[in-house]
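Open the model in a viewer and keep the sequence panel beside it. The stops below are given as selections, each followed by what is found there.

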Amino acid sequence: MTEPDITIEIAIDTDLWFEFDGDDNTLHLLATKACDATRAWLITHENQPFPKDGSELSLLFTDDPSIKSINHQWRGMDKPTNVLSFPAMDIAPGELPQMILGDIIFAFETIEREANELQKPFDEHLTHLFIHGFLHLFGYDHIEDADGDEMEAIETGIMVSLGLSDPYGGTVPPKDDQLLVN
């Protein structure tokens, strides 16, 4: 049985993202690929239910000054960050979310700087942050070490399933014959 789709709405409020997105809707393609892989992983490995009639997700692509302001307002942290997630409702991993999953916000300059520091392609780092932000909407967090270890293991598994490197171990992408099969 095919799982219902996740409808992704995208808003871009800085030219930096328009340049990256180009005419081929790169952001929507990357977001869809990351969300589909994360959903498949959560269903298969974590028994995560999804709304039977599909889900909705909103993504905002902004810059460091904007995310700094949002981060300060909502988290009391007066600095830019790479990604912020705002679930539509607080749930624990494994609980059924509402149809509207929530919002995820991305900051171009921070993501670009991190990708350069990690010596990773921008789109690969962004894919990791899509996965990371998406998991937050399902109640995963990294406040406690054990929760962080669990979240990192899930993120790594999803990244490897996409043929991308372990975002925490710095490993190179596996060869096709080494990919995990779900």
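Select Val 83 and look across to strand 4, where its bridge partner is Phe 106. The model is a predicted one. Widen the selection to strand 3 and to strand 4, residues 100–107: 5 bridges join the two, and they run antiparallel.

Next, show the sheet. It is open, with 4 strands in the order 1-2-4-3 and mixed pairing. At its edges are strand 1 (6–12) and strand 3 (83–87), each of which pairs on one side only. Direction ignored, neighbouring strands are turned by 15° against each other on average.

Keep the sheet on screen and add helix 3, residues 64–75. Helix 3 packs on the sheet and touches strand 2 (55–62), strand 3 and strand 4. The direction of helix 3 makes about 45° with that of strand 3.

Move on to the parallel pairs. Select Thr 7, whose bridge partner in strand 2 is Glu 56. Strand 1 and strand 2 run parallel and are joined by 7 bridges. Then select Thr 62; the residue to find in strand 4 is Ala 107, its bridge partner. Strand 2 and strand 4 also run parallel, with 7 bridges between them. In general, strands of a sheet pair through backbone hydrogen bonds, so displaying these bonds is a way to follow the pairing.

Now add helix 5, residues 122–136. Which strands does helix 5 lie across? Strand 1, strand 2, strand 3 and strand 4 are the ones, and helix 5 runs at about 145° to strand 4.

With helix 5 still selected, add helix 2 (26–46). Helix 2 and helix 5 pack at an angle of about 50°, and their axes are 9 Å apart. An angle of that value makes helix 2 oblique to helix 5. The crossing of helix 2 past helix 5 is right-handed. To see the contact, show side chains on both helices. From helix 2 it is made by Leu 27, Leu 30, Ala 31, Ala 34, Cys 35, Thr 38, Arg 39 and Leu 42. From helix 5 the contributors are Asp 123, Leu 126, Thr 127, Phe 130, Ile 131, Phe 134 and Leu 135.

Two asparagines flank this part of the tour. Select Asn 25, in the loop between helix 1 (15–21) and helix 2. Asn 25 has a positive phi of about 55°, although it is not a glycine. Is Asn 25 buried or partly exposed? Its relative accessible area is 45%, so Asn 25 counts as partly exposed. Then select Asn 47, in the loop between helix 2 and strand 2. Asn 47 is likewise a residue other than glycine with a positive phi, near 55°. At 64% relative accessibility, Asn 47 counts as exposed, because the cut-off for exposed is over 50%.

The last stop is helix 6, residues 145–161. At 1.5 Å a residue, its 17 residues should span 24 Å, and the end C-alpha atoms are 24 Å apart, so the two values agree. Colour its buried residues: Gly 148, Met 151, Ile 154, Glu 155, Thr 156, Gly 157, Ile 158, Met 159 and Val 160. The cover over these buried residues includes helix 2 and helix 5. Finally, select Gly 163, just after helix 6, where phi is positive at about 80°.

How values were computed:
Residues are numbered from 1 along each chain as its sequence is written. This is a predicted model: local features need pLDDT of at least 70, side-chain atom pairs count only at pLDDT 80 or more; totals for chains, interfaces and linings use all residues. Side-chain values use heavy atoms; hydrogens and water are left out. Two strands pair if DSSP finds at least two bridges between them. Axes are lines fitted to C-alpha atoms, for helices over the stretch in contact, and angles run from 0 to 180 degrees between N-to-C directions. Contact means heavy atoms within 4.5 Å. The expected span of a helix is 1.5 Å times one less than its number of residues. Buried means under 20% relative accessible area, exposed over 50%, partly exposed in between (1.4 Å probe, protein chains only). Angles under 35 degrees count as roughly parallel, over 145 as roughly antiparallel, 65 to 115 as roughly perpendicular and the rest as oblique. A crossing is left-handed if the near helix is turned anticlockwise from the far one by less than a right angle, and right-handed if clockwise.
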